[in-house]
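Student: I'd like to learn how to read a model like this one. Can we walk through it together?
Tutor: Sure, let's have it up on screen first.

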Amino acid sequence: MRLEAKPAPGLAATLAYPLGAILATLLIASLLVLIAGASPFNVFWLVLKGAAGSQFALVETLTRATPLIFTGLAVAVAFRAKLWNIGAEAQLYIGAVMTVVLGTGAVAAPSLALIPLIMMCAMLAGALLLLGPAILKTRFGVDEVVTTLLLNFIVILFVSMLLEGPLKDPMGLGWPQSKRVVAEAQLPRLIQGKRLHFGFVIAIVSAVATWVILKKTVFGYEMRAVGHNAEAARFAGIPVNRVLMKTALLSGGLAALAGFSEVAGLKGNLTLDLSPGYGYTGIVVAMLAMLNPLGVIVAAIFVAGIFVGADAMSRSAGVPSYIAQVMVATALLTMVTAIMLSRFRIRWR
Amino acid sequence: MEAFEILWQTSFWVAAIRIASPLIFATMGELICERAGVLNLGIEGIMTAGAFAGWITVYAGGDLWTGVLVAALTGAAFGLLHGVLTVPLGLSQHVTGIGITLLATSLTYFTYRVALPEVTSPPKIEPFQPWAIPGLSEIPLVGPALFNQTPLTYLAYVVVAVVAWMLYRTPAGIAVRAVGENPAAVEAQGISVTMIRIGAVMAGSALMAIGGAFLTMSAFNSFFFEMINGRGWICIALVVFGSWRPGKALVGAILFAAFDAYQVRLQQVTGGVIPYQIFLMMPYVLSILALIAVARRATYPKALMVPYQKGER
């Protein structure tokens, strides 16, 4: 068996492959639903209704999509340059820590000054956190996959230490949680009385900005060149290591914004369950979007919809909500397979 | 100094060898995959699936060795998936591996909830018991640590010997090493690179799953969510640290486990002056430091992460 490059597919074919991947994912999920003793059609209908069937559901889906847009962008940027940042989870938490450190009264300023300051410091913290593995990669040849993965565990223990130590809320009845951020550090809600907050707008703006950087700037071109073929890029005079550093800073900064927006926009304080794996899910979001920053918005809303819908479905149909995680993981694998099949033809001889 | 007295405690060495066992299985598994040229980041999820599969088999009435077998087969199944996606289809080994981890983990949690919908705390099984080897287990300090462990721990050492022997002394093992270094040369011998690589990934994944099963069937007696807790990622570091050699990787795993057992005891000795999280961080920090230490002279298998296409140069 061998693979042969295909001519660039037309629009219909380009759309057919991802749709095929989603169909395959639904088929596999149906099988699991049957095993769990429920009807697939009923379950998928409930998931759809739970994700988009009412204003409440839609708002909830967009709220859940917000951190996923940030982590999805972080992964998309890094993977473009083949910098395997699997540490978005850690960068998210460091961004959240920064938000709490500056936002709980340490700095007194009006919202218009305080929020940008916190955002910048959070991004800087996340950027520096990924700079470490990037330097280890370029200077010492240490694989960044393992270092970023291990840093996730280190950072979460570090956050746990802070929440039981210097950042602990004295009024928290002993729970490991931080104080709430002051009113000036909170992001406004987009709709009165609903959970959707200004972080969603920042996420969309970030996606557009990332798209511009990737498509319209020299840096974006260099990133893609490094990702495509680092040797050729070096030969063409592109400073590969410096491009990787800059990519790491951008990627880490974007992931940290997820932590910032969850604390300043939604939760108000930092706890150890701030992120149910948004950093890892960001990898799926980025791959579903084929690493396109604007696609990340769509992919994040899609993935968030599955999670929110599955929660609602689980309450009424009794199928465990872990079906959402299975679907998301399956979608990742079917999607990368579909992308490959859209570019290559399998010859069996 | 109490901190040094720990080293003379029998219980410390017993714990070190026990903690090393799952790492040894999984490290050997990852080593086989990487020697064949395939990075397997599915390790964390495959260990989770193995831990669950072995445990639920015993809980459902199977005997312990059947549980180990079911765990191995579960691992091999995920290995087959990883192998097919990365070898003939040539998909990114990073992305596919992370996908396998996400899939294996979520499928395990889903199955757990479907199989045991009502339970609040996971049921316990009767795990493997230590087998004292007559005579040898009486030796002070070393005896109980090495010769009074469960059969699965003994199996871990047998696996290291078998893997080392196979990789260096059998045609199959030499083929595995060769596809990781120079696949075109292997194909020229009329051997299928695809088959060797998929086979190696399946065998390696089976070992990872047994490593996971060790936790639920020997070290503990129950299955908990997130019980693998990064052990898989540490094993990937151990493979690099052991420069892809079974013997060195074994030494690395034991050193690492000794350190892990030591930090738990040091935590008790220091009596809460230092936050416990610092101690829990140490194994992960140590893994990163070990990687930095060996990075300069690491000799990766040459074809690691390079997909092979027949007829391509």
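Tutor: Start with pLDDT, which is the predictor's confidence in each residue, on a scale from 0 to 100. You need it here, since this is a predicted model.

Student: What is the mean pLDDT of chain B, then?
Tutor: The mean for chain B is 92, and 99% of its residues reach 70 or more. As a general habit, where pLDDT is low, don't read the predicted coordinates in detail. For the model there are two more scores: ipTM is 0.94 and pTM is 0.94.

Student: Where does UniProt place the feature "transmembrane region" in chain A?
Tutor: The unreviewed entry puts it at residues 12–36, 56–79, 91–109, 115–136, 145–163, 196–214, 277–310 and 322–341 of chain A. You can hold such a record against the coordinates. Residues 12–36 of chain A are 96% helix and 0% strand, with end C-alpha atoms 36 Å apart. Residues 115–136 of chain A are 100% helix and 0% strand, and there the end C-alpha atoms are 32 Å apart.

Student: And which residues of chain B carry that annotation?
Tutor: For chain B the unreviewed UniProt entry lists 6–26, 38–58, 64–85, 154–176, 196–220, 232–259 and 274–295. Try the same check: residues 196–220 of chain B come out 96% helix and 0% strand, with 35 Å between the end C-alpha atoms. For residues 274–295 of chain B, it's 91% helix, 0% strand and 31 Å.

Student: How many residues does each chain put into the contact between A and B?
Tutor: Chain B gives 39 residues and chain A gives 39. On the chain B side, α5 (93–115), α11 (231–241) and α13 (276–295) each supply at least two residues. α5(B) gives the most, with 13 residues. By class, that side of chain B has 25 nonpolar, 11 polar and three charged residues.

Student: How do I read a pair of packed helices?
Tutor: Two packed helices are described by the angle between their axes and the distance between the axes. Take a pair across the interface: helix α6 (residues 144–164) of chain A packs on α13(B) at about 160°, with the axes 9 Å apart. Angles over 145 degrees count as roughly antiparallel, so α6(A) is roughly antiparallel to α13(B). The crossing of α6(A) and α13(B) is left-handed.

Student: Which residues of α6(A) and α13(B) meet?
Tutor: Among them are Leu150(A), Phe153(A), Ile154(A) and Leu157(A) from α6(A), and Leu280(B), Met281(B), Tyr284(B) and Ile288(B) from α13(B). The residues of this contact split into 13 nonpolar, four polar and no charged.

Student: Can we try a pair inside one chain?
Tutor: In chain B, the axes of α3 (residues 43–59) and α4 (residues 64–86) come within 8 Å and cross at roughly 145°. That crossing of α3(B) and α4(B) is right-handed. The contact includes Gly50(B), Ala53(B) and Gly54(B) of α3(B), and Gly67(B), Ala71(B) and Gly75(B) of α4(B). By class, the α3(B)–α4(B) contact has 10 nonpolar, seven polar and no charged residues.

Student: At what angle do α11 and α13 of chain A pack?
Tutor: Helix α11 (residues 278–288) and helix α13 (residues 323–343) of chain A pack at about 35°, with their axes 9 Å apart. α11(A) passes α13(A) in a left-handed crossing. Thr281(A) and Val284(A) of α11(A) are among the contact residues, as are Val328(A) and Leu332(A) of α13(A). The contact of α11(A) with α13(A) has eight nonpolar, one polar and no charged residues.

How values were computed:
Residues are numbered from 1 along each chain as its sequence is written. Chains are lettered from A and ligands numbered from 1 in the order in which they are written. This is a predicted model: local features need pLDDT of at least 70, side-chain atom pairs count only at pLDDT 80 or more; totals for chains, interfaces and linings use all residues. UniProt positions are given in the numbering used here, feature names are shortened, and annotations may be inferred rather than shown by experiment. Helices (H or I, at least four residues) and strands (E, at least two) are DSSP runs, numbered from the N terminus. Two residues are in contact if their C-beta atoms, placed from the backbone, lie within 7 Å. Ala, Val, Leu, Ile, Met, Phe, Trp, Tyr, Cys and Pro count as nonpolar, Asp, Glu, Lys and Arg as charged, and the others, Gly among them, as polar. Axes are lines fitted to C-alpha atoms, for helices over the stretch in contact, and angles run from 0 to 180 degrees between N-to-C directions. Angles under 35 degrees count as roughly parallel, over 145 as roughly antiparallel, 65 to 115 as roughly perpendicular and the rest as oblique. A crossing is left-handed if the near helix is turned anticlockwise from the far one by less than a right angle, and right-handed if clockwise.
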